[in-house]
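The following exercises concern the architecture of one chain. Each consists of a task and a solution in steps.

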Amino acid sequence: MRSAVLAACAAAALLTGCGTTSAKVEAERPVPLVTVSRDGERWTADFTLPSDSPTWVFLRSALARESGKPWREGQWAVETPGVVLERRGHFDILRTTDGGPVPRNIRIRMTPKAEDLNADYDPALIFTDGSAALYAGHFTLFPIASPEAAEALPMDLNDVEIESDNSRITWRDAAGPVLFEGERQAAPVSERSNVYVLFGRADLVDSPRLATVIDPGLPVWLGDEIKTFSPRIAAYYAERLGPGQTDKPTIMVSWNGPTPQLRSMGGSVLPGLIIMAFEGDNVVTESTEMRDHARWFIGHESAHFWLGQTIRYEFSREAWITEGGADLMAMRAQAVLSPTYDVMTALQEEVDDCTTLAVKPVASANQRSEHRAYYACGAVFGLAAEAAQRRATGGDWFDFLKGLIERNREDGKVNREEWLAALLQLTGDPDVRREIDTLLDEGAPDPAVLIARLFDRTGVAYRMEGGKVKLV
Ligand SMILES: [Zn+2]
């Protein structure tokens, strides 16, 4: 199979609520206005900027996962003379060739493509019938003094003061109304960044516990699996954890075609909405393996309505809490709901991947585009918490999470200290966090040694085999 597709499914599943969105914003500033339009094949974004500035920075500038390059280069072209779109440091920027202020009115021509990003929402979901859903957040930009100042910005803008983290966008399609927040509207205006707007005829199908927009080209069995398994696993999560962010999600699913020797499942979660993109000849035909894998994927994305939406992390370096946590939720729930599911193999893969990746600090994995470390090591830490919970109360991973969610439901956030405090509370062992801290902040020459020690402290059953940690 092409690339590391199995791992890519997890790594492609985007983080929910990236750190960039919570940058400090100066109050009461006018925001950029944008009109996104489609007229036949021609897509444009017309920006009206609220002030004069020599440089504007796109707040969301994640790299494309497969190419490792800025995605705007291949999808956006500036039509306004004298204005350049380019990469500086961690961000895409607009500047003028003469160094003067960027004109207040900018036109960008777009060719939306299905492209997965590292730890951010896909810019576009492309359907085989020509429909396309665009993500609003990628039209957000803020002014900065110079391209050099943009270059010096840290990847995570949490501690940086910026002028705006939002744009007001009008959405228009010459072919007819667009689908916005569950309704067909002629020219809706979005005020928040975390929405997708659908252009084209793809239909919203409503059922009591789920609404779906499914690409007509998607293999039928996958569509059926999404429609039947999503409500089942969501019901299990609700039973174990209490209410999540929504009790009736919308799932939008696109099909990128039967690319040979590929199995690709990518997804992300927004309030009330799951976005999924499937691709590859390996998912065309149903098999036990494929079905189990699709269910795990549905379970991971659905888990974010609890871990990611009901409570979310504050800094992107803490993505291990939600990504590893959602992986373990999906695996444990699926072991209950699908008795044939091979949970041990799935868990062992997390241990193996964490062992490989934690030679470098897990917390800063996003700086190296090694997002898989958050999933794998987050799940390993989850296994430790689960074992500690079992020892202390006879409970499981969901019991650990339930406490964590209840304690943080009000402020909607969870951070590393809170997560580790919950673990300490169960074990009473002040050293219980030592290996986790080391793996997060430093990494280790041989992570297996630390993982084994963490498992010893908490009671995860394993044996050492050729220097490797094997779950038993
Ligand atoms: Zn995820």
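Two strands pair if DSSP finds at least two bridges between them. Helices (H or I, at least four residues) and strands (E, at least two) are DSSP runs, numbered from the N terminus. The model is predicted, with local features requiring pLDDT of at least 70 and side-chain atom pairs counted only at pLDDT 80 or more, while totals for chains, interfaces and linings use all residues. Residue numbers start from 1 along each chain as its sequence is written.

**Exercise 1. The antiparallel sheet**

Task: Determine the strand order of the open sheet of four strands, and locate its edges.

Solution.
- Step 1. S4 (residues 55-58) and S11 are joined by four bridges and run antiparallel. Within this pair, Val57 has Phe142 of S11 as its bridge partner.
- Step 2. The complete order is S6-S7-S4-S11, and the pairing is antiparallel.
- Step 3. The edges are formed by S6 (83-88) and S11 (141-144); each has a single partner strand, so one side of each lacks a neighbour in the sheet.
- Step 4. From one strand to the next, the twist averages 30 degrees.

**Exercise 2. The mixed sheet and its helices**

Task: Trace the open sheet of five strands, and state which helices pack on it.

Solution.
- Step 1. The order is S18-S19-S20-S22-S21, with mixed pairing. S18 (204-207) and S21 (264-270) are the edge strands, each pairing on one side only. The average twist from one strand to the next is 20 degrees.
- Step 2. Consider the pairs in turn. S18 and S19 are antiparallel and share four bridges; a hairpin connects them through two residues, and Ser207 stands opposite Leu210 in S19.
- Step 3. S19 and S20 run parallel, joined by four bridges, with Ile251 in S20 as the bridge partner of Thr212.
- Step 4. S20 (residues 250-255) and S22 (residues 273-279) are also parallel, over six bridges. Here the bridge partner of Trp255 is Phe278 in S22.
- Step 5. Helix H4 (residues 220-241) packs on the sheet and touches S19 (210-214), S20 and S22. The direction of H4 makes about 160 degrees with that of S19; such angles run from 0 to 180 degrees between N-to-C directions, and axes are lines fitted to C-alpha atoms, for helices over the stretch in contact.
- Step 6. Helix H5 (residues 288-303) packs on the sheet as well, touching S21 and S22, and its direction makes about 20 degrees with that of S21.

**Exercise 3. Helix packing**

Task: Classify how H4 packs with H6, H6 with H9, and H8 with H9, and give the residues in contact.

Solution.
- Step 1. Fix the terms. Two residues are in contact if their C-beta atoms, placed from the backbone, lie within 7 Å. Angles under 35 degrees count as roughly parallel, over 145 as roughly antiparallel, 65 to 115 as roughly perpendicular and the rest as oblique. Ala, Val, Leu, Ile, Met, Phe, Trp, Tyr, Cys and Pro count as nonpolar; Asp, Glu, Lys and Arg as charged; the others, Gly among them, as polar.
- Step 2. The axes of H4 and H6 come within 10 Å and cross at roughly 105 degrees, which makes H4 roughly perpendicular to H6. Arg232, Ile233, Tyr236 and Tyr237 in H4 meet Met329, Ala333, Val336 and Leu337 in H6. This contact contains seven nonpolar residues, no polar and one charged.
- Step 3. H6 (residues 319-337) and H9 have axes that come within 10 Å and cross at roughly 135 degrees, so H6 is oblique to H9. Gly325, Leu328, Met329 and Arg332 of H6 make the contact with Trp397, Phe398 and Leu401 of H9. By class there are five nonpolar, one polar and one charged residues.
- Step 4. H8 (residues 372-393) and H9 (residues 397-408) pack at about 95 degrees, their axes 8 Å apart; H8 is therefore roughly perpendicular to H9. From H8, Gly382, Ala385, Glu386, Gln389 and Thr393 meet Trp397, Asp399 and Phe400 in H9. The contact divides into three nonpolar, three polar and two charged residues.

**Exercise 4. The domains**

Task: Describe how domain 1 and domain 2 are placed and where they touch.

Solution.
- Step 1. Domain 1 covers 5-16 + 207-471 and domain 2 covers 25-114 + 138-191, with bounds from an automatic or database domain assignment.
- Step 2. Their C-alpha centres lie 32 Å apart.
- Step 3. In the contact, 11 residues of domain 1 meet eight residues of domain 2. The domain 1 side comprises four nonpolar, seven polar and no charged residues.
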